[in-house]
Amino acid sequence: MQNVFGIIMIVVYLGMSVLFFCGFFDILFPTWGWVRWAGGALFLVYGLWRGYRQFAGIDAGYGNDRGE
């Protein structure tokens, strides 16, 4: 279940970054263009970092539970 949840969260973070970059949330921040780019960049970087940790075996899961 940890692996499935981790993959779902990676998809959510990357999806949110796409939504920010496409301007989906412009109705919330109509005059703040920097929020669109900053939010998209943050979600993209964190989604990629989570993906790296998930598939490189740094996070728990895939048989490397770190003794828990």
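Tyr-46 counts as partly exposed, at 36% relative accessibility. The model is predicted. Tyr-46 lies in helix α2, which spans residues 33-56. A nonpolar surface patch includes this residue: Tyr-46, Trp-49, Tyr-52 and Ile-58 together make about 410 Å². Membership fits the exposure of Tyr-46, because patch residues need over 30% relative accessible area and Tyr-46 has 36%.

Aromatic contacts were examined next. The structure holds six aromatic pairs. In one of them, the ring centres of Tyr-13 and Tyr-46 are 5.0 Å apart. The planes of these two rings meet at 75°, so the pair is edge-to-face; the cut-off for that class is over 60 degrees. The contact links distant parts of the chain. Tyr-13 sits in helix α1 (residues 2-22) and Tyr-46 in helix α2, with the two positions 33 residues apart in numbering. The partners fall into separate accessibility classes. Tyr-13 is buried, at 17% relative accessible area, whereas Tyr-46 is partly exposed at 36%.

Phe-21 and Trp-37 form another aromatic pair. Their centres are 5.5 Å apart and their planes are at 40°, a tilted arrangement. This pair also links distant parts of the chain: Phe-21 belongs to helix α1 and Trp-37 to helix α2, 16 residues apart. Phe-21 has a relative accessible area of 25% and is therefore partly exposed, since the buried class ends under 20%.

Ring pairs also build a cluster. Tyr-13, Phe-20, Phe-43 and Tyr-46 are its linked residues. Tyr-46 thus appears both in this cluster and in the nonpolar surface patch.

Terms used:
Residues numbered from 1 in each chain as written. Predicted model: local features only at pLDDT ≥ 70, side-chain atom pairs only at ≥ 80, totals over all residues. Heavy atoms only, no water. Patch = residues over 30% accessible without salt bridge, like charges linked within 9 Å, V, L, I, M, F, W, Y side chains within 5 Å. Areas by Shrake-Rupley, 256 points an atom, 1.4 Å probe, with all protein chains shown as cover. Salt bridge = Lys/Arg side-chain N within 4 Å of Asp/Glu carboxyl O. Helix = DSSP H or I, 4+ residues; strand = E, 2+ residues; numbered from the N terminus. Buried < 20%, exposed > 50% of the residue type's maximum accessible area, 1.4 Å probe, protein only. Phe/Tyr/Trp six-rings, centres within 6.5 Å; stacked < 30°, edge-to-face > 60°.
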